[in-house]
Amino acid sequence: MTFVDRLDAGRRLAVAVGHLRGQDVVVIGLSRGGVPVAAEVARALWAPLDVGVVRKLGVPFQPEVAMGAIGEDGARIINDEVIRGAHITDRELAAVERTERTELTRRAQAYRAGRPRVSLRGRTALVVDDGMATGATARAACRSARERGAARVVLAVPVAPPDWAARVGRDADELVCPLTPADFAAVGQFYEDFAPTTDQEVVACLAHARPEEAGIPVVDRDGRRRTLTGELLVPVGAIGVVMFAHGSGSGRLSPRNRFVAEAMRQAGLGTLLFDLLTGEEESDRASVFDTRLLAGRLREATRWLRERHPELPVGYFGASTGAAAALWAAAEQGDGAVAAVVSRGGRPDLAGPRLTEVHAPTLLIVGGRDEPVIELNREAQEQLRGETRLTVVPGATHLFEEPGALSEVAELAQDWFLAHLPEAASGPGSARAA
């Protein structure tokens with residue numbers, strides 16, 4: 001088996017690490033060739049993407065032979081066997097390390113452009129490269145992730161030699177590699193296109209695939225201040241932003257919302273996923289069903305988003321009780337403030353007092369087997385004042401867990417936002433223009 005290129009390798013590797021979807025994962029692509037692979041993995045997992053800057057320490061008279069590697073945070077791997085065999089002195093090793101440390105610093109600054117690194121504290125670090133040979137750079141990256149506070153380190157590569165697990169040792173908690181051929185000689189042997197990745201390509205991957213960790217300040221109606229945890233991703237050239245209001249027992253890590261968010265991003269829309277409740281509040285049923293509280297926080301988060309991106313129209317995607325919060329918040333902000341609302345398996349009845357004040361175009365999506373909720377949505381539709389549509393997905397239950405059901409939800413939501421977010425509606429290829 002061979003890979004067409006690094007993007008193909010990334011898509012195949014994403015399948016192999018699919019069990020990590022929905023977990024609190026940060027994908028770290030090793031510079032430079034590992035970043036395009038990692039970008040595909042991050043996209044599939046809907047996970048933050050960061051770059052891990054590592055440098056091989058090559059033997060002075062034969063640079064392609066690694067006598068070690070260095071990474072950020074002081075990570076350092078030395079292969080004593082190679083050093084002894086090549087008769088490398090301490091002075092020669094130090095000289096090579098100084099040179100590579102300078103280049104490592106340059107690349108880190110160029111790739112991040114002043115942006116802080118994604119926090120790994122208490123999270124799973126998924127370290128990705130385009131392949132592994134000696135393992136020195138991969139091990140340095142894994143050690144760097146531990147230094148940054150990762151609770152767990154997973155190393156994933158598309159191809160490696162059969163003994164790769166022994167080479168990595170305990171530097172990673174889990175190893176994932178779909179291809180370990182007996183005839184392994186070099187990583188490039190298993191790629192049709194293995195052209196060097198440029199600095200510009202690394203920067204482009206990070207710009208398009210890296211969510212920004214957000215601490216969203218809100219003030220509740222009782223005057224108490226809270227900070228909500230969120231992830232904002234606005235692709236270059238975005239035509240709007242969709243904010244996600246989750247339902248009871250869910251949050252920004254909801255695999256269903258992340259699946260729909262990926263569809264929004266593919267359509268050229270930014271996304272903001274965030275926790276409407278703090279960890280303590282999530283266990284309080286009164287808070288979970290306090291539509292006024294949730295709507296107030298969604299409104300505050302909208303204000304925060306508009307301060308950062310005043311040029312972009314905003315849409316709401318609400319699920320279950322989050323749909324009621326989305327409709328309530330849309331009503332409170334007046335006509336035109338929210339460009340469109342989509343409800344998935346929602347409980348719009350919980351926004352009862354505000355439904356007649358909602359003028360935003362609203363799409364209500366309900367599962368065909370979710371009969372009580374279908375009726376609640378029909379009753380709510382009669383009260384909404386803007387353009388509305390009720391779409392029933394045949395055979396789907398409340399969570400849309402049936403094969404293809406959630407894909408249909410994502411497609412319906414994508415079409416609705418493209419038709420009603422103002423800048424998207426006026427552009428070529430939009431639903432309204434068509």
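This passage walks through the cores, one helix and two groups of paired strands in a predicted model.

In this predicted model, local features require pLDDT of at least 70 and side-chain atom pairs count only at pLDDT 80 or more, while totals for chains, interfaces and linings use all residues. Residues are numbered from 1 along each chain as its sequence is written, and side-chain values use heavy atoms, with hydrogens and water left out.

A good place to begin is the interior. A nonpolar core is taken here as a set of buried Ala, Val, Leu, Ile, Met, Phe, Trp, Tyr and Cys residues joined through side-chain atoms within 4.5 Å, where buried means under 20% relative accessible area with a 1.4 Å probe, protein chains only. The largest such core holds 45 residues, of which Val-17, Val-27, Val-41, Met-67, Leu-126 and Val-128 touch the most other members. Helix H2 (residues 34-45) contributes the most to this core, with seven residues; helices (H or I, at least four residues) and strands (E, at least two) are DSSP runs numbered from the N terminus. With contact meaning heavy atoms within 4.5 Å, and residues up to four places away in sequence not counted, Val-41 touches Gly-10, Leu-13, Ala-14, Val-17, Val-27 and Leu-126. A second, separate core of 40 residues includes Leu-228, Trp-328, Ala-331 and Leu-384.

Five strands form an open sheet in the order S2-S1-S6-S7-S8, with parallel pairing; two strands pair if DSSP finds at least two bridges between them. Strand S2 (49-52) and strand S8 (174-176) are the edge strands, each pairing on one side only. Three bridges join S7 to S8, and Ala-156 has Val-176 in S8 as its bridge partner.

Helix H5 (residues 136-147) comes next. At 1.5 Å a residue its 12 residues should span 16 Å, the expected span being 1.5 Å times one less than the number of residues, and the end C-alpha atoms are 17 Å apart, which agrees. Its buried residues are Ala-136, Ala-138, Ala-140, Ala-141, Cys-142, Ser-144 and Ala-145. Just after H5, Gly-149 adopts a positive phi of about 95 degrees.

Further along the chain, six of the six residues of strand S15 (residues 362-367) are buried. Thr-362, Leu-364 and Val-366 lie on one side, and Leu-363, Ile-365 and Gly-367 on the other. S15 runs parallel to strand S14 (residues 340-344), joined by four bridges, and parallel to strand S16 (residues 388-393), joined by six. Leu-364 is the bridge partner of Ser-343 and has Leu-390 as its partner in S16.

Note on methods. Buried < 20%, exposed > 50% of the residue type's maximum accessible area, 1.4 Å probe, protein only.
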